[in-house]
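Biologist: I am new to this structure and would welcome a guided reading of it. May we proceed by question and answer?

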Amino acid sequence: QVQLVESGGGLVQPGGSLRLSCTASGSIFTITTMGWYRQAQGKQRELVADITRAGSTNYADSVKGRFTISRDNAKNTVYLQMNTLKPEDTAVYSCNVVYQLFAGVRDYWGQGTQVTVSS
């Protein structure tokens with residue numbers, strides 16, 4: 001049974017920083033892409049950033065230059081360092097992990113962690 005455990009959300013003032021982490025466990029298969037998504041109240045879920053096993057990254061335009069995604073393959077963990085946070089970054093952040101199976105792929109979602117940027 002795959003489990004994704006997220007941590008690091010919370011309340012921060014504008015301009016502040018937070019670091020999210022997500023650790024996957026429970027599968028014998030290799031993780032390919034790991035990513036972070038967010039969903040603000042009343043809006044659709046959107047990709048924040050993702051990273052391949054080789055380390056190639058992809059960011060939403062709204063977070064480029066402020067957020068950094070990284071991963072530790074040995075620990076099956078993905079991180080999201082969020083700097084210069086803005087009120088519009090307020091959302092529930094969820095990690096997504098893609099496993100390479102014998103035939104095809106399968107992805108899993110974390111439970112989500114609330115990030116609130118407010119003074």
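The exchange below concerns a predicted model, and turns to a sheet and then to a disulfide.

Biologist: In which order do the four strands of the open sheet lie?

Modeller: The pairing within this sheet is antiparallel. Strand S1 (3-7) and strand S7 (67-72) each pair on one side only, as edge strands. The order is S1-S3-S8-S7.

Biologist: Which residue of S3 is the bridge partner of Leu-4?

Modeller: S1 runs antiparallel to strand S3 (residues 18-25), and five bridges join them. Within S3, the partner of Leu-4 is Ala-24.

Biologist: Which side chains of S7 point to the buried face?

Modeller: In a regular strand, side chains alternate between the two faces of the sheet. Along S7, Thr-68, Ser-70 and Asp-72 point to one face and are not buried. Those that point to the other face and are buried are Phe-67, Ile-69 and Arg-71.

Biologist: Which residue in the hairpin of S7 and S8 takes a positive phi?

Modeller: S7 pairs with strand S8 (residues 77-82) over six bridges in the antiparallel sense. Four residues lie between the strands of this hairpin. The one with a positive phi, near 50°, is Asn-76.

Biologist: How many residues apart in sequence are the parts that the disulfide of Cys-22 and Cys-95 ties together?

Modeller: The sulfur atoms of Cys-22 and Cys-95 are 2.0 Å apart, and the two residues form a disulfide. Because Cys-22 lies in strand S3 and Cys-95 in strand S9 (residues 91-100), the parts tied together are separated in sequence by 73 residues.

Biologist: Is Cys-95 buried or exposed?

Modeller: Buried means under 20% relative accessible area. The value for Cys-95 is 0%, so Cys-95 is buried.

Notes:
Residues numbered from 1 in each chain as written. Predicted model: local features only at pLDDT ≥ 70, side-chain atom pairs only at ≥ 80, totals over all residues. Heavy atoms only, no water. Pairing = 2+ DSSP bridges. Helix = DSSP H or I, 4+ residues; strand = E, 2+ residues; numbered from the N terminus. Buried < 20%, exposed > 50% of the residue type's maximum accessible area, 1.4 Å probe, protein only. Disulfide = S-S within 2.5 Å.
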